[in-house]
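User: I would like a close look at one part of this model, explained in plain terms. Please keep to what can be read from the structure itself.

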Amino acid sequence: MKPGLPRLCLISPERARLEAWQAALGRMAELESVVALHGRPQTMAARAAQAGELLLADIDAEDASISALDALAALAARAAGMPLILVCTRQDATFLLAAMRAGVREILPPGVDAEALRAAVERVAAGLRPPRARGKVLAFVSCKGGSGASFLAANLAYALAAQGHSAALIDANLQCGDALLFLSDEPPVRTLADAARAGPRLDASALEASMSAVGPLPVLAGVEDPAQALEILPEHLDAILAAAKSRWDWVLVDVGRNLDARSLRVLDVADLIYPVLQTTLPFIRDARRLLQVFRGLDYPLEKCRLVVNRHERRGDIGIHEVEKTLGAPVARLVPNHYAAVAASVNGGIPMLRLARTSPVSRALLQWSRECAGTPPSRAGWIHRVLSLAGIVMKGKPHVTETPA
Ligand SMILES: Nc1ncnc2c1ncn2[C@@H]1O[C@H](COP(=O)(O)OP(=O)(O)OP(=O)(O)O)[C@@H](O)[C@H]1O
Ligand SMILES: [Mg+2]
């Protein structure tokens, strides 16, 4: 017994192949155990789901159809996102895409040798290990609707990524997720609801597969359908944040303004919380209430960094008065620049791309440089090697070529 390591389940309709696989994989240090099931994968769902956390299945030539993949996807869903390694002859683009959707991480040819088989299992098993947290989570909360939390989260994330930092944006606003719209006019293909569906086993590669790329920045778009939002549980956000922290140095989260068990889960995990307000009384009143809630939750003062957005030097209420009323220092000021921000928001174009010289862009750049001045710890070598090789972290199945 090697507790903590995944159990591998092998399924094949060919006994000789099962025996060869068992001989090749039976003693791997990365596995707790190896169980072989004789039969067609489509008919072994219930037993496979119990036998392992990782499945190596043999689909023979006749069965290599999209419907066979659907059956495997159902099996994987039943076993909470169990990753699959397929052995099959078919490797065309339609099949690969369907395989990726079904949760297949690797596709191997029927004649795969023992060494390549072990390497594939090792790669997928590595993705099942608890992720090593490295990233910092920066959570943005609107003190009141329209304060600019989504705009700032999206554009600060973009500024970090545009300067070559490892950053990602997650829209966890379950009431009205609109963060992606600040950066792109392309609708998302997948959203936080898709990432949540993978359950507690979500890993960085599966998370990345649910994200949209805005230039250098990966974005997990918000849930669009309110009915889907109801299905998101605090545990889903835990899994998404854990996977994101294992992959990026900076994970910027738009939390929105509704406090419930789910948003509080994000705030608990966050390294820093940025409550965003403007310098008019309704915003200041709501900021005071929010800070009271944070104090009630025992969040340390230094975890909450007030951000005054749309700041005007000659405004009625000065920063000193804001700080006095709230009993907390203002950490950041972002100036008001209506014309440039409106053009960026209406076009879905990041501020740094559209209006680099705007005072708002300058404030964002300065902010991102100060963040990056205190870089979090770097990733382990396995992550770097896999990333560089384009394996696992891209969320696409890794295809081992048929030997010539
Ligand atoms: N610094 C700024 N200068 C000018 N306009 C701004 C600035 N920041 C934000 N805005 C404007 O404020 C609008 C509202 O911002 P945003 O949607 O980010 O607010 P929010 O706090 O996320 O609101 P909600 O709580 O409703 O999600 C933006 O669409 C943008 O037009
Ligand atoms: Mg918002």
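At what angle do helix 6 and helix 16 pack, and how far apart are their axes? Please go on from there to the surroundings.

Analyst: This is a predicted model, and what follows should be read with that in mind.

Helix 6 and helix 16, the latter made of residues 359–372, pack at about 60 degrees, and their axes are 9 Å apart. Angles of 65 to 115 degrees count as roughly perpendicular and those under 35 degrees as roughly parallel. The angle here fits neither class, so helix 6 is oblique to helix 16. The crossing of this pair is right-handed. On the side of helix 6, the contact is made by Asn155, Leu156, Ala159 and Leu160. Helix 16 brings Leu364, Leu365, Trp367, Ser368, Cys371 and Ala372 to the contact. By class, the contact of helix 6 with helix 16 has 8 nonpolar residues, 2 polar ones and no charged ones.

Helix 6 also has a part in the surroundings of ligand 1. The shell around ligand 1 receives at least two residues from each of three elements: helix 6 (149–162), strand 12 (306–311) and helix 14 (338–347). Among these, helix 14 gives the most, with 4 residues. There are 22 residues around ligand 1, and the ones that come nearest are Ser142, Gly148, Ala149, Ser150 and Phe151. Sorted by class, the shell around ligand 1 has 10 nonpolar, 10 polar and 2 charged residues. The contact of helix 6 with helix 16, by comparison, has no charged residues.

Strand 12, which supplies part of that shell, contains Arg310. Arg310 is not a glycine, yet its phi is positive, at about 55 degrees. Is Arg310 buried or exposed? A residue counts as buried if 20 or more other C-beta atoms lie within 10 Å of its own. Arg310 has 23 such atoms within 10 Å, so Arg310 is buried.

The loop between helix 12 (281–296) and strand 12 holds Asp298, another residue other than glycine with a positive phi, in this case near 65 degrees. The cut-off for an exposed residue is 12 or fewer other C-beta atoms within 10 Å. Asp298 has 7 and is therefore exposed. Arg310 and Asp298 thus each have a positive phi, but Arg310 is buried, whereas Asp298 is exposed.

Tyr299 is found in the loop between helix 12 and strand 12 as well. With 16 C-beta neighbours inside 10 Å, Tyr299 counts as partly exposed, because that class covers the range between the two cut-offs. Leaving aside neighbours within four places in sequence, Tyr299 is in contact with Ile273, Phe294 and Cys304. Of these contacts, Ile273 is 26 residues away from Tyr299 along the chain, and their C-alpha atoms are separated by 9.6 Å.

Two other helix pairs can be set beside the pair of helix 6 and helix 16. Helix 1 (residues 15–25) and helix 5 (residues 114–128) pack at an angle of about 65 degrees, with their axes 9 Å apart. That angle makes helix 1 roughly perpendicular to helix 5. Helix 1 passes helix 5 in a right-handed crossing. From helix 1, Trp21, Ala24 and Leu25 meet Ala114, Leu117, Arg118 and Val121 in helix 5. The residues of this contact are 6 nonpolar, no polar and 1 charged.

Ala23 also belongs to helix 1. Ala23 has 10 other C-beta atoms within 10 Å and so is exposed. Ala23 and Ala114 are 91 residues apart in sequence, while the distance between them in space is 8.6 Å, C-alpha to C-alpha.

The other pair is helix 10 (residues 234–247) and helix 11 (residues 261–269), whose axes come within 8 Å and cross at roughly 30 degrees. This makes helix 10 roughly parallel to helix 11, and the crossing is right-handed. Pro234, Leu237, Asp238 and Leu241 of helix 10 meet Ala261, Arg262, Arg265, Val266 and Val269 of helix 11. The contact of helix 10 with helix 11 has 6 nonpolar, no polar and 3 charged residues.

To return to the starting point, helix 6 packs obliquely on helix 16 and also supplies at least two residues of the shell around ligand 1.

Conventions: Residues numbered from 1 in each chain as written. Chains lettered and ligands numbered in written order. Predicted model: local features only at pLDDT ≥ 70, side-chain atom pairs only at ≥ 80, totals over all residues. Axes fitted to C-alpha atoms, helices over the stretch in contact; angles between N-to-C directions. Parallel < 35°, antiparallel > 145°, perpendicular 65-115°, else oblique. Left-handed = near helix turned anticlockwise from the far one by under 90°. Contact = placed C-beta atoms within 7 Å. Nonpolar A, V, L, I, M, F, W, Y, C, P; charged D, E, K, R; others polar. Near = placed C-beta within 6 Å.
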